[in-house]
Amino acid sequence: MTVAGRYSHLFRPLRVGPVTVANRVVFGAHRTDFAEDGLPSARHTAYYAARARGGAGLVITEAHATHPTDGHHERLVQGYRPEVLRGYRAITESVHRAGVPVLVQLAHIVVPAAAPYVRRPAWAASPVADPVARTVPKAVERHEISAIIDGYARAAELSVEGGFDGVELQCAHPSIVAAFLSPATNRRDDRYGGPLANRARLLLELIGEVRGRIGPARVLGVRLCGDELLDGGSTLADAVELARVLQATGKVDYLGTALGTAATRHVSQASMHIPAGYALHLANAVRRAVDLPVIGEGRFTDPLQADRALADGHCDLVSVVRGQIADPEFAAKARAGFPEAIRGCLSCNQGCVPGVGGPSGEGRLACAENPRVGRESEPDPAPAAASAIQGGRPGSGRWPRRARVAAPGPRPRDVLVAGAGPAGLQAAIAAARAGHRVRVCEAADAAGGQVRLAAAAPGRAEFGELVRNQLAECRRRGVVVDYGTAVDAGLVRLAAPDVLVVATGARPERPAWAGGLRRVVDVRDVLSGAVRPSGSVLVVDGLGFHEATGAAEFLAERGCSVEIVTPAPLVGRELAGTLDLEGWSIRAAARGIAETCEHRVTGAVAEGTGGPVAVSLEHEPTGTGATRTVDWMVCALPQAPRDELYRRLRSPGGPAVRVLRAGDCVAPRRVDAAVADGERIGGRL
Amino acid sequence: MQLLSPLRFACGTTARNRLVFGPHATNLGRGRALSERHVAYYRRRAAGGAGIVVTETASVLPNDRPYERAPLAAECGAGWSAIADACHGSGTLVLGALGHSGQQGVSGDGPALWAPSRVSGPVGGEVPVEMDAEDIAATVAAFAAAARLAVRSGLDGVEVDAGPRALVRQFLSGLTNLRDDGYGGRHRARFAHEILGAVRSEVGRHAVVGLRLSCDELAPGGLVPEAAARLAAELAARSGLDYVTVVRGSTFAPDADRPDGHTAPGFASTPARRMRSWLPREVAVCAQGSIVDPETAEGLVTEGTAQLVEMTRAQIADAELGGKLAAGTPERVRPCVLCNAACQVRRPGSPVVSCLADPRSGYETEDPPETAPAARPRDVLVIGGGPAGLEAARVAAAAGHRVRVVEAAQRTGGMLRVAAAGAGRERLALLADWFAAECVRLGVRIDTGHRAGPSDIDARLATGGAVVLCTGGLPGRIDFPVRSGVVVLDAAEALRRGVPAGPVAVHDPVGGPVAVSVAEALAAAGREVTLITPDHQAGARLAHTGDQAAASARLARAGVTVVRRSRPHAAGDGVVAVTHVYAGGTSEVRADVLVDCGFRLPADELWRGPRLGFTRAGDAVAPRGVYEAVLDGRRAALDLDDAEVAG
């Protein structure tokens, strides 16, 4: 099959105003928290450059602020300060070196400026509280409207001076432009409020001013909100009408189409429960109304989906954000005919939710699958990944080797990894990348460990892609994986590796109150199919993440009557950080899953240990007791590390081999921690 | 006052008085180092009269990063030196707090958390890894190295953290230490002994060594005051402690050492007494926990319970606490209202420590001092006597302007007094009283019961005066139909005047302290109350003040029904109809009264755009909180001079 046959549209060049993009894959604007002291950092440069080298057709930076009243988060690039120029030049030069145009997104964000970084009232069209920031903004006065426009104009000038090919105006939520555009937030009775023509006045003035400053040789794009999903808010019809108005100005080169507002981030950055392409109807409607190129958005993680969106005429360009966070070479691999080599995004949102970020604790963008995100500027401990890509040879069956071999590293070692879960596989990948010879032994007959179980929960199948991606990378790097092979001291002596990485995972820990009751089981038993509870089920949520809610949905779908009990004030409280809490709330309500919060289990008994379980609960705040009699109980509780192998091999008399450990066998944590552990351990042998 | 008398420690070092500015998270750092903002922050408290400043707890090992800006001891040398220099000039001792958060940290993208045993915190807590002998030795050595650096940098000593968020406490407690080796069981104190011993031998005999010890973990099976006091006595005997700070809290109650106004102050004295009775006389006891009133502190010292008193939040609210007490003007001390709204900063986003009574706290390097003499005194009319207006008047008068405040109500204080009627928020009234008293002291003319109009503004501006519009806010719009049979009130009216008979629904689209306090106050009055929130839980925005779980528990105990994830869509005939935010289904809440705690609108009918000499502040700009009102008001007053120059 030829490349063109596989992707007939994705790799066709397109003229976007004054520039031509080589393909339709856009690395759209998204918050990174990479700024330092309000300025673009080396992290930014390396991050964008990696995606440009990896084949993106167009890079759009994150939103840069245009006015000092916008301090909506601490690591915001202050695009109104001339000091940004140095960083701008670094970004544009390195992206241009890959032959890719780069735009800067300009925004005046109105929302959480009650935040401590500004200590001034947030500006907006009217004093209508933002649903997320929960503070009432100040309705801007005439002179402040001029200041807004001046801010954009000045920032646009700096962008051009810094070498950007143009600007994208963020006009979707939560920008001040959206606050003016939306009837829900604009209650003004002056020339800037009322009918759309008035509500759009600020935007039209901005466009006029910005185009004047950047001249005709630069791109001016507008990212619109296609539908605010808000009672009384902007609708798709508004967006379409506005698109026509914008085209008529003759000053706009393309349009973007966002969905939702900051109050519906679970839709704007949908997790794996929402199908890819869910927002394409917006791009489609706008595209049918205008001749300008339109960017489609909405969880594109696969080049085929993206190509299809183009083929079906929904859009002219496709924004692939998370797909290129997870794999900077998304486009290049597709183009070269190796889409199976793409480390596909899981849409797990465990690292890339704005303001939450990854495990660094600094809110910085991260990726559960790709531990290199945000560290592109740091030397790779397993250095082969740092070098450039050679052209692919379709049909060779392998994603091309690197042009440069890694700088001569330490002596290649024989590495044995015990366990093919996410930590073990990542350790194997990192070690192989550094030039070591790696063999993974897995006791079970398949890789993935708990990831495989997690993927069995309804709507969570894409989580399993992690295993596929890791195995594919292992294969490419020559890692041998043996199944049905448990590592023990004998095997270690026989194999005599230089290094053993123990990644044997964790096991459920039975709560004391469960005693020997057969109908008290672990989430794992349910998801693996080892037990098939029926009737009424009480799920105990002691973790707050997907474990309990996933099992509850799994059982509800099978016809069980399900209740979740948790000592926390909220079931699935940790789901908020991945934008899964809203979806869970919707599905729980739809499936009739009951939630009982602030209760702990104090005891469980059953007739003859095999019958229905009588559970006693205590409402912690009041000490009030409660009881339930259920057919089954399913526990989602902290696990215990399976560290026997590690301990045995480290004890005196063990084999003379360097023993390291990674993942849950150190301490049971989430998958991102397992991958990070594996990367760290495997990269520093 | 005995509080202001000197104290000689066992090591021989003398503190000029007993007033301690204790260790707390500030987020003032740069990366993991202390910054010039820290220096200015501590300098101001030292100059203001603190006897001892204990700097923000520094992690002794890089694998501990409990919050993003948590200082790391190895990076604190220069900062400690600068702070020592800044505070020694005022005669204030500076001690460095050293700690490790163990299982209460965040592992981030680094290795797993360390802990004595594999015990995780409440739901969502990370499972830690059990420390081995090497890890223990490394931690002991790290405490010693950090102590050495602190003293070499010029500090007068160190304080070892075994408080509510500390690895050392996790070792001491049977809740978190399940080890069966030489550091568990009967030997749970060995880790602490080793650390204190190593620290003492590093810093020498003459430096101050203190221990911050949780004496009540507030969890069954945890440390209790009697056992903790005995433990402290042993530790003191072996390692030569100079003082023990008696705190409370644990993994299961991490914020119990600094609760907000819902917890009555006074909980500090009993465990401090217990500690005093067990410790040798030469070891000082430092009392801690919601001690914000000088009389309380003085009482603890005079009765012999404590030789030192930590008044941290009180000195965030008034950096000159000690100075005002020394001057014999305790009434001038700006009160801490125990709201935790701006000073509890251990949360995502790393906000800088501050205070709604004094927004310059934490912003010492950025904000100008509160008072600077005016170049030319002017006549200033302040319309509205809420927090914005009173702060504007106070600061303007202190600068030498002639100020008149016109307040439509019979009493000043505005929303401070209204909010003070809510459960657990009573201390807000103290701040209103303080503002009014300071205004009177500074010669501000306050006319209550007088509603200003456009002519007042014009008259004042016409004669070259200035006008600051601080008219506050108005109830927001109700965006659903209301028929007869349900009375709708806004929160302010309900708090001011009470609520008509019948079951009450409280609608809270905000999630802050107001609706919870209204619901609690009504329930306490015996009313049937339902709290309706669009959020997943009641008081969803209270997490940062540390009151969220407690608020939920209080509501439950008070019998308030919470209807979550719901929004009213109609009211009438004794029923409020609500829609499920996510599922869309509807249900009904029985209510004759609906108290709306929603967003407010600016009361800005007198505003006619900025003109020379005419500004506005507080809710009249945009209805926000007390912090923003006070900050706005202060800035309006400080800008009077600029406006005059411009004219």
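**Exercise 1. Place B:D293 in this predicted model and decide whether B:D293 is buried, partly exposed or exposed.**

Step 1. B:D293 sits in a loop of chain B, with strand 11 (284–287) on one side and helix 8 (294–302) on the other.

Step 2. Inside 10 Å, B:D293 has 19 C-beta neighbours. A residue is buried at 20 or more and exposed at 12 or fewer, so B:D293 counts as partly exposed.

Step 3. B:P265 is 28 residues from B:D293 in sequence, while the C-alpha to C-alpha distance between B:D293 and B:P265 is 9.4 Å.

**Exercise 2. Compare the settings of B:S350 and A:A496: what is the sign of phi, and is each residue buried or exposed?**

Step 1. B:S350 is not a glycine, and its phi is positive, near 50°. A:A496, also not a glycine, has a positive phi of about 45°.

Step 2. B:S350 lies in the loop between helix 10 (321–326) and strand 13 (379–383) of chain B. A:A496 belongs to the loop between helix 17 (489–495) and strand 16 (499–502) of chain A.

Step 3. Around B:S350 there are 22 other C-beta atoms within 10 Å, so B:S350 is buried. A:A496 has 11 C-beta neighbours inside 10 Å and therefore counts as exposed.

**Exercise 3. Describe how helix 3 (residues 133–152) and helix 5 (residues 190–203) of chain B pack.**

Step 1. The two axes come within 8 Å, and the crossing angle is roughly 30°. Angles under 35 degrees count as roughly parallel, so helix 3 of chain B is roughly parallel to helix 5 of chain B.

Step 2. The crossing of helix 3 and helix 5 of chain B is right-handed.

Step 3. On the helix 3 side, the contact uses B:I136, B:V140, B:F143, B:A144, B:A147, B:R148 and B:V151. Helix 5 of chain B contributes B:F191, B:E194, B:I195, B:A198, B:V199, B:E202 and B:V203.

Step 4. By class, the contact of helix 3 with helix 5 of chain B holds 11 nonpolar, no polar and three charged residues.

**Exercise 4. Repeat the analysis for helix 14 (residues 422–433) and helix 16 (residues 465–476) of chain A.**

Step 1. The axes of helix 14 and helix 16 of chain A approach within 9 Å and cross at roughly 25°. Helix 14 of chain A is therefore roughly parallel to helix 16 of chain A.

Step 2. Helix 14 of chain A passes helix 16 of chain A with left-handed crossing geometry.

Step 3. From helix 14 of chain A the contact takes A:P422, A:L425, A:Q426, A:A428 and A:I429. Helix 16 of chain A supplies A:L466, A:Q470, A:L471, A:E473 and A:C474.

Step 4. The residues of this contact between helix 14 and helix 16 of chain A are seven nonpolar, two polar and one charged.

**Exercise 5. Which residues of helix 11 (residues 303–311) of chain A are buried, and against which elements do they pack?**

Step 1. The buried residues of helix 11 of chain A include A:P303, A:A306, A:D307, A:R308, A:A309 and A:L310.

Step 2. The buried residues of helix 11 pack against three strands of chain A, namely strand 3 (25–27), strand 11 (294–296) and strand 12 (317–319), and against helix 10 (280–289) and helix 13 (330–335) of chain A.

Step 3. After helix 11 of chain A comes A:G313, with a positive phi near 80°.

Step 4. Helix 10 of chain A also meets helix 8 (residues 236–249) of chain A: their axes come within 9 Å and cross at roughly 35°. The crossing of helix 8 over helix 10 of chain A is right-handed.

Step 5. A:L236, A:A239, A:V240, A:A243 and A:R244 of helix 8 of chain A face A:L282, A:A285, A:V286 and A:A289 of helix 10 of chain A in this contact. The classes are eight nonpolar, no polar and one charged.

**Exercise 6. Where is the cis peptide bond between A:H173 and A:P174 placed?**

Step 1. The bond from A:H173 to A:P174 has omega near 0° and is cis.

Step 2. A:P174 lies in the loop between strand 8 (166–170) and helix 5 (176–181) of chain A.

**Exercise 7. How many residues does each chain give to the contact of chain A with chain B, and which elements of chain A take part?**

Step 1. Chain A gives 47 residues and chain B gives 45 residues.

Step 2. On the chain A side, helix 20 (581–591) and helix 22 (671–683) are the elements that give two or more residues. Helix 20 of chain A gives the most, six residues.

Step 3. The chain A side of the contact with chain B divides into 25 nonpolar, 11 polar and 11 charged residues.

Definitions and conventions. Residues are numbered from 1 along each chain as its sequence is written. Chains are lettered from A and ligands numbered from 1 in the order in which they are written. This is a predicted model: local features need pLDDT of at least 70, side-chain atom pairs count only at pLDDT 80 or more; totals for chains, interfaces and linings use all residues. Axes are lines fitted to C-alpha atoms, for helices over the stretch in contact, and angles run from 0 to 180 degrees between N-to-C directions. Helices (H or I, at least four residues) and strands (E, at least two) are DSSP runs, numbered from the N terminus. Angles under 35 degrees count as roughly parallel, over 145 as roughly antiparallel, 65 to 115 as roughly perpendicular and the rest as oblique. A crossing is left-handed if the near helix is turned anticlockwise from the far one by less than a right angle, and right-handed if clockwise. Two residues are in contact if their C-beta atoms, placed from the backbone, lie within 7 Å. Ala, Val, Leu, Ile, Met, Phe, Trp, Tyr, Cys and Pro count as nonpolar, Asp, Glu, Lys and Arg as charged, and the others, Gly among them, as polar.
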